[in-house]
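Here is a quick tour for anyone meeting this structure for the first time. Take a look at the model, then read on.

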There are 2 protein chains.
Amino acid sequence: MDKTINVAVIGVSGRGLGLMSNICDMEDVKITVVCDLYEDRMENAANLVMELRGYRPDTCGDYKEAVKRSDVDCVITPSSWTAHREIAIASMKAGKPVGMEVGGACSLHEIWELVRVSEETGVDCMMLENCCYGREELTILNMVKQGLFGELIHCQGGYQHDLRHEIATGLENRHYRFQNYLHRNGEVYPTHEIGPIAKYLDINRGNRFVSLTSMSSKAKGLRQWIVDNKGENHEHASLDFAQGDVVTTMIKCAHGETIFLIHDTSLPRVYSRGGRVQGTKGIWMEDKKSVYIDGVSPSEHEAGEDAWEPLESYMDKYEHPLWKEFRSSGVKGGHGGMDFLVLRAFFESVLNQTPAPIDVYDTAAWMAVTCLSEESVALGSMPVAFPDFTCGKWIDRKDEAPSKYGLSKVFQECFEA
Amino acid sequence: MDKTINVAVIGVSGRGLGLMSNICDMEDVKITVVCDLYEDRMENAANLVMELRGYRPDTCGDYKEAVKRSDVDCVITPSSWTAHREIAIASMKAGKPVGMEVGGACSLHEIWELVRVSEETGVDCMMLENCCYGREELTILNMVKQGLFGELIHCQGGYQHDLRHEIATGLENRHYRFQNYLHRNGEVYPTHEIGPIAKYLDINRGNRFVSLTSMSSKAKGLRQWIVDNKGENHEHASLDFAQGDVVTTMIKCAHGETIFLIHDTSLPRVYSRGGRVQGTKGIWMEDKKSVYIDGVSPSEHEAGEDAWEPLESYMDKYEHPLWKEFRSSGVKGGHGGMDFLVLRAFFESVLNQTPAPIDVYDTAAWMAVTCLSEESVALGSMPVAFPDFTCGKWIDRKDEAPSKYGLSKVFQECFEA
């Protein structure tokens, strides 16, 4: 491999185009082929690269061909929710590292397949859809690893995003959420927040998810939106969506930490990831944009509500070195820059032939939340057990991604080196 | 009964004295007897009344005698957590309505006893410990009942209060939390927030709690506090507290609504009740002091984060009439006035011989959260079923407290009448 990485992008609807825009900002990455089931999407995608970079990638309707091409070093798959597994497996079997979008899993079996194929081929499978590289999340990671919150006890996060328009118009826009919401019920989109939380809690590197229980509310938001916006006689106005409007999930970790997740996408609201990290020494609450650190922040007894300190006032000292560098060189890409960084982390691991900072075991643990949540909801919120996809290796595993894109305490040494 | 109500106060430590200060603001209520296991507490309590009202109540070491006295019309019991049941039962059997403080229950059996004794005697048992009469909570109740949030889907609330000092010094201060935290593990203090949530959701009046599941984190906060503040050689520094630092609970209701509760009292933080109400038309988030109402608030698409509107801007229109009146006559009492109002609601029901707005079935359902949560935690977060303490009456029950202290839509008519 020379110093240009050739990538195949498989699945080029909205999310695919968004990622491609980010990739086109990287001089050392070339999109050699775009792949989709729909001709018009491939045309759009090829045109986008022509416009941004002045060359036209090939188009290919069959991902099995695309992943095998000699001008493809790695693959990213922003395809529909239930198509990632087979694409990722084909990529790994072709020897090409793969960056997956979400997709929570439909079954534990498919995750085991991913894990085993990755182990057998020695090729990595990285979950791209997450907020690990958000500026706030990386700052919190830095504060966690430097011990500001003390021993971690409890974390929270959510995907809280009013997607009623996107979901309800999903059929005409060929968007996968419509069909998934019609038929499935559970924590269908956990990676946004479980990603950073898993990194705070050293999941798969000394800790692991042990069990979860999920509860789903009734499903009323989408139908109400359809009635209000398309009329009560619209063909979708009488549909019974299976997906509850609010799905809450509690996860227990091997060392006694607890996690609360909330999925909330079919009711009116303002976007929030609802992050929260809580330990024996302090707490961060994203919705308050604030932290409270024992013995550092003003005493609650004296200051009351004003004892909360803005997270922003900790940024000077604790902003992650990767973000400091990123800001000084000019923030790029969508979703506040984190899409660029997570893609960059993937490509750097391909370029340097180092393990991805989010590897197949992380991908597996995060994807498992979805099918376990569906099982728990189906069983009346029964607790269900997480498999140990590492088969015991989590006890001794260290962070194996010793680059500045690493997501453990190692990153500090990398920047100092 | 003349127009003065005579009340016995049983249990007169900190909370008892707080309630007594409120009562001393009421011209038509007389504290005729104070009761406690400790002489010094009774002395303090009697002195407080002398100071505030110029008369000295009797003291009595035996609650069984106190509740039977002819100069006692009703009883309130701010006693220790596990002593409420027997006091409440003795009061009801003596024909005296009883206002209970928390105590979540230790078993379902004791709640059934409360319910059956209340039914058999025709005497009410009202849970006083709750935030139903908080200004924000009553405003939200008003907005809920006027349909601003549409059909309710999900509610949240918590008791999030750094009580490490109080708990860790509990033995020397004869405070019940120390022993309870040492031995129990669950949602031990749910009534704060489950009270208003139950009223938003019409629990026991057309709806009911069906099941819950609870998860407990490890317990590290108290020991850390003891080590930091009393030294690692202190006799309590090696204690293993059973109560997890963060206990989360999910409750399912008969009509598909979900509730999330969080108990968080042994880690550093700033106080918050973390209220949230969410329906098909809007959302309230207490930690953001904000609401978002579909079609009323600015569009999120255009305004982003600024689409949140301060709850305060809805107060003019939706502040509960009881609070408007309360403010115009001068807010009294502790915890921002809500202690005064909840006590007043109790005494008005005694005075007018009308059902309490929070009756024995409400008390039962709220107390049940604690023992069910302990069971669920003990069983690895298994879902456990709520009994129907009304034995089916919840289907048809209406709000039977048609006073301005009522907690259903009826209050509006009362104020208009």
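Before we start on the strands, one definition helps: two strands pair if DSSP finds at least two bridges between them. Strands themselves are DSSP runs of E with at least two residues, numbered from the N terminus. Keep in mind, too, that this is a predicted model.

With that in hand, look at chain B. Leu152(B) stands opposite Gly279(B), which belongs to β11(B). Strand β7 of chain B covers residues 152–160 and strand β11 of chain B covers residues 276–279; the two run antiparallel, joined by four bridges. Zoom out and you find an open sheet of nine strands in chain B, with mixed pairing, in the order β14-β13-β12-β11-β7-β10-β9-β8-β15. At its edges sit β14 (309–310) and β15 (384–385) of chain B, each pairing on one side only.

How much can you trust the picture? The predictor gives the complex an ipTM of 0.96 and a pTM of 0.97. Chain A averages a pLDDT of 94, and 99% of its residues score at least 70.

Now for the place where the chains meet. Chain A and chain B each bring 60 residues to the contact. About 4800 Å² is buried between them, with carbon and sulfur atoms giving 58% of that area. The rule also finds 26 residue pairs in polar contact across this interface, both residues being at pLDDT 80 or more. On the side of chain A that touches chain B, the elements giving two or more residues are β7 (152–160), β8 (209–216), α10 (221–230), β9 (246–253), β10 (258–264), β11 (276–279) and β12 (282–285) of chain A. The largest share there, six residues, comes from β9(A). Sorted by type, that side of chain A has 19 nonpolar, 22 polar and 19 charged residues.

Salt bridges deserve a stop of their own. Over all chains, a search of the whole structure finds 68 of them, and twelve are counted between chain A and chain B. Here are two examples:

| Salt bridge | Closest N and O atoms |
|---|---|
| Glu257(B) with Lys218(A) | 3.3 Å |
| Glu119(A) with Lys393(A) | 3.6 Å |

What does the pair Glu119(A) and Lys393(A) tie together? Glu119(A) lies in helix α5 (residues 108–121) of chain A, while Lys393(A) is in the loop between β15 (384–385) and α16 (410–416) of chain A, so the pair links parts that are 274 residues apart in sequence.

How values were computed:
Residues are numbered from 1 along each chain as its sequence is written. Chains are lettered from A and ligands numbered from 1 in the order in which they are written. This is a predicted model: local features need pLDDT of at least 70, side-chain atom pairs count only at pLDDT 80 or more; totals for chains, interfaces and linings use all residues. Side-chain values use heavy atoms; hydrogens and water are left out. Contact means heavy atoms within 4.5 Å. Buried area is the accessible area (1.4 Å probe) that two parts lose on being put together, summed over both. A salt bridge is a side-chain nitrogen of Lys or Arg within 4 Å of a carboxyl oxygen of Asp or Glu. A polar contact is a pair of N or O atoms within 3.5 Å; within protein, one must be able to donate a hydrogen and the other to accept it, and residues adjacent in sequence count only if both atoms are side-chain atoms. Ala, Val, Leu, Ile, Met, Phe, Trp, Tyr, Cys and Pro count as nonpolar, Asp, Glu, Lys and Arg as charged, and the others, Gly among them, as polar. pLDDT is the predictor's confidence in each residue, from 0 to 100.
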